[in-house]
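Biologist: Please take me through this model, and justify each term by the value behind it.

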Amino acid sequence: MKSIRDIYKIGKGPSSSHTMGPERAAKLFLNQNPEADSFKVILYGSLSKTGVGHGTDAVLREILSPCPTEIVFSKEELPGAHPNTLDFLALKNGAVIGELRVESIGGGDIRVPGQSHLDPPE
């Protein structure tokens, strides 16, 4: 059962799946890769098509700052993937040191394919 905090959420932007979910995912990834000196985030599907207008790119850069963050708006189709999928890459001295695929499933909630339980940072 969800708590009242899970039901009533306040976030940036007009769409929770385009801002709150990516924000939570970025916090999770940042916590997993504190030694990174830059990031790359690839947006797919709906996130790629409307990410600028809904502020997805801005919220990702805000959370991952002060590290430089490249945002890629991919036109690639991911068969069987959720329409709000993001790939995160952490880099150190130009080399990839961490990767994570996240799905923003609505209401600010996220899912990591292959992981049944995830408590991302608030």
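Modeller: This is a predicted model. One place to begin is Ser48, where a polar atom of the side chain lies 2.7 Å from the backbone oxygen of Ser74.

Biologist: What makes the approach of the Ser48 side chain to the backbone oxygen of Ser74 a polar contact?

Modeller: The distance is 2.7 Å, and the cut-off for a pair of N or O atoms is 3.5 Å. The pair is therefore within the limit and counts as a polar contact. Leaving out residues up to four places away in sequence, Ser48 touches Ser74 and also Leu43 and Phe73.

Biologist: Why is Ser48 called buried?

Modeller: Its relative accessibility is 12%, and buried means under 20%. Ser48 therefore counts as buried. The residue belongs to helix H3, which spans residues 45-54 and in which Leu47 and Gly51 are buried as well.

Biologist: How do you know that Leu47, Ser48 and Gly51 lie on the same side of H3?

Modeller: Around the axis these residues cover an arc of only 95°, which puts them on the same side of the helix. The face turned away from the buried side carries Lys49 and Gly53, both exposed.

Biologist: What covers the buried residues of H3?

Modeller: The cover includes helices H2 (20-32) and H4 (56-64), together with strands E1 (38-43), E2 (69-73) and E3 (85-92). Just after H3, Gly55 takes a positive phi of about 85°.

Biologist: What makes E1 a mostly covered strand?

Modeller: Five of the six residues of E1 are buried.

Biologist: How do you know that E1 pairs with E2 and with E3?

Modeller: Pairing requires at least two bridges. E1 and E3 have six, in the antiparallel sense, and E1 and E2, which run parallel, are joined by five. Each count meets the requirement, so both are pairings. Among the bridge partners, Ile42 is matched with Asp87 in E3, and Lys40 with Glu70 in E2.

Biologist: Which residues touch the most other members of the largest nonpolar core?

Modeller: They are Val41, Leu60 and Phe88, in a core of 22 residues. H2, E1, H4, E3 and strand E4 (95-106) are the elements that give two or more residues to this core. Setting aside neighbours within four places in sequence, the contacts of Val41 are Leu60, Leu64, Thr69, Glu70, Ile71, Val72, Leu86, Asp87 and Phe88.

Biologist: The structure holds two aromatic pairs. Why is the pair of Phe29 and Phe39 called edge-to-face?

Modeller: The ring centres of Phe29 and Phe39 are 6.0 Å apart, and the limit for a pair is 6.5 Å. Their planes stand at 65°, whereas edge-to-face requires over 60 degrees. Both conditions are met, so the pair is edge-to-face. The pair links distant parts of the chain, with Phe29 in helix H2 and Phe39 in strand E1, ten residues apart. Phe29 and Phe39 are both buried.

Biologist: Why, then, is the pair of Phe29 and Phe88 called tilted?

Modeller: Here the centres lie 5.2 Å apart and the planes are at 35°. Stacked planes are under 30 degrees apart and edge-to-face planes over 60. The value falls in neither range, so the pair is tilted. Because Phe29 lies in helix H2 and Phe88 in strand E3, the pair ties together parts that are 59 residues apart in sequence. Phe88, like Phe29, is buried.

Biologist: Which residues form the one aromatic cluster?

Modeller: The cluster consists of Phe29, Phe39 and Phe88.

Notes: Residues numbered from 1 in each chain as written. Predicted model: local features only at pLDDT ≥ 70, side-chain atom pairs only at ≥ 80, totals over all residues. Heavy atoms only, no water. Buried < 20%, exposed > 50% of the residue type's maximum accessible area, 1.4 Å probe, protein only. Helix = DSSP H or I, 4+ residues; strand = E, 2+ residues; numbered from the N terminus. Arc of directions from axis to C-beta. Contact = heavy atoms within 4.5 Å. Polar contact = N/O pair within 3.5 Å; in protein donor to acceptor, adjacent residues only side chain to side chain. Core = buried A, V, L, I, M, F, W, Y, C linked by side-chain atoms within 4.5 Å.
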